[in-house]
Amino acid sequence: MAFPHLPSSLALKTTCRSALTPVPITVSSRPIQNPAKFTKWVLDFRSKSLNFAFSGALALGLSLPGVGVADAKVGVNKPELLPKEFTTVIDVAGFLSDGQEKRLAEEISDIEKDTGFKLRVLAQNYPDTPGLAIRDFWQVDDRTVVFVADPNFGNILNFNVGASVDLDIPRSFWSRLAGKYGNMFYWKEKGEDASIEAAVMAISSCLREPVGPNNCSEVK
C-alpha cells in the first residue's frame, strides 16, 4: 500500500500481484462438523493475513490495489504531523480545500453510522506523512478501510482493508476503483482532490449495498 513504512535498509522491487487479489483455495469436500469454529478460524486467518499485508505495506511502501511495481521506501514515523484533534481526514499534502475536507468527514461519519465500517483518509506526498503514527491515532481495526492518496506511487489510490470489510466487499472492487479514479491520466487531468472525492463516494456507495454475489460490481 502506498502507505507509511517501517525503516528498511534494503532497496527492493516487489511486484504486487496484490494483497487484495483473490488467491485460489482448495477446500475439502467433507462436511464441516463445527461451522461456528470454522467461521472463527476463517476470520482469524483473514485478519492475520491482512495484518501481515498491512505490516508489509508499511515496511516496503507498497500499494495494494494491484498497480504493478512499487519501489521500497525508507520508513516514516512523524506523529508531529498528526492533527491535534481527532479527524477522519488527514491532508498533509494540501490536496483538499477546507470545504472538501469537511464534506468528506461528514460522508465518512454517515458511512460509519449506517454501516458500522470505518473509512479513514490520508492524503500525503511521501515523505511528508505522519507514517506509522496514524495506526494508533485512528485505532485501525478489522472494520477499518485506510485510504492513502499519494501521487508518488503512480496510481494515487491505495487501500488497506480490514478483515471484516474483506468478508463483505469483493477484493476486485478495490482494484477496479483504483483503475477508474486513481490512474495517472485521471488525477493529472482532474486533480488529486477529484480522485479522492470520487473514491470516497464510490466506497460509500459500495459499503451501503446489500451483501450478495453481485454487490459492488459497479464502481460508481
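## A covered strand

Strand E6 is mostly covered, with 5 of its 5 residues buried. This holds for both faces of E6. On one side sit Leu157, Phe159 and Val161, all buried. On the other side sit Asn158 and Asn160, and these are buried too. The model described here is predicted.

E6 pairs with strand E5, and the two run antiparallel. They are joined by 5 bridges. In this pairing, Val146 stands opposite Asn160 of E6.

## The protein as a whole

The protein has 7 helices and 6 strands. Along the sequence, they follow the pattern β-α-β-β-α-β-α-β-β-α-α-α-α.

The protein counts 220 residues, and 44% of them are buried. Many contacts link distant parts of the sequence. Take the contacts between residues at least 6 apart in sequence: 75% of them join residues at least 24 apart.

## The sheet

E6 belongs to an open sheet of 4 strands. The order is E3-E4-E5-E6, and the pairing is mixed. Which strands stand at the edges? They are E3, residues 89-91, and E6, residues 157-161. Each has a single partner strand, so one side of each is left without a neighbour in the sheet. Neighbouring strands are turned by 15° against each other on average, direction ignored.

Strands of a sheet pair through backbone hydrogen bonds, either parallel or antiparallel. At the E3 edge, the pairing is parallel: 3 bridges join E3 to strand E4, residues 118-123. There, Val89 stands opposite Val121 in E4. At the E6 edge, the pairing of E5 with E6 is antiparallel.

## Helices on the sheet

Helix H2, residues 98-115, packs on the sheet. H2 touches E3 and E4, and its direction makes about 155° with that of E4.

Helix H7 covers residues 192-208. H7 lies across E4, E5 and E6. Strand E5 spans residues 144-149. Relative to E4, H7 runs at about 170°.

## H2 against H7

Two packed helices are described by the angle between their axes and the distance between the axes. For H2 and H7, the angle is about 15° and the axes are 10 Å apart. Angles under 35 degrees count as roughly parallel, so H2 is roughly parallel to H7. Their crossing is left-handed.

Which residues of H2 meet H7? They are Gln100, Arg103, Leu104, Glu107, Asp110, Ile111, Asp114 and Thr115. From H7 come Asp193, Ile196, Glu197, Val200, Met201, Ser204, Leu207 and Arg208. By class, this contact has 6 nonpolar, 3 polar and 7 charged residues.

## H5 against H7

Helix H5, residues 171-181, also packs with H7. The angle is about 150°, and the axes are 10 Å apart. Angles over 145 degrees count as roughly antiparallel, so H5 is roughly antiparallel to H7. The crossing of H5 and H7 is right-handed.

On the H5 side, the contact holds Phe173, Trp174, Leu177 and Tyr181. They meet Ser195, Ala198, Ala199, Ala202, Ile203 and Cys206 in H7. How do the residues of this contact divide by class? There are 9 nonpolar, 1 polar and no charged.

Notes:
Residues numbered from 1 in each chain as written. Predicted model: local features only at pLDDT ≥ 70, side-chain atom pairs only at ≥ 80, totals over all residues. Heavy atoms only, no water. Pairing = 2+ DSSP bridges. Axes fitted to C-alpha atoms, helices over the stretch in contact; angles between N-to-C directions. Contact = heavy atoms within 4.5 Å. Parallel < 35°, antiparallel > 145°, perpendicular 65-115°, else oblique. Left-handed = near helix turned anticlockwise from the far one by under 90°. Nonpolar A, V, L, I, M, F, W, Y, C, P; charged D, E, K, R; others polar. Buried < 20%, exposed > 50% of the residue type's maximum accessible area, 1.4 Å probe, protein only.
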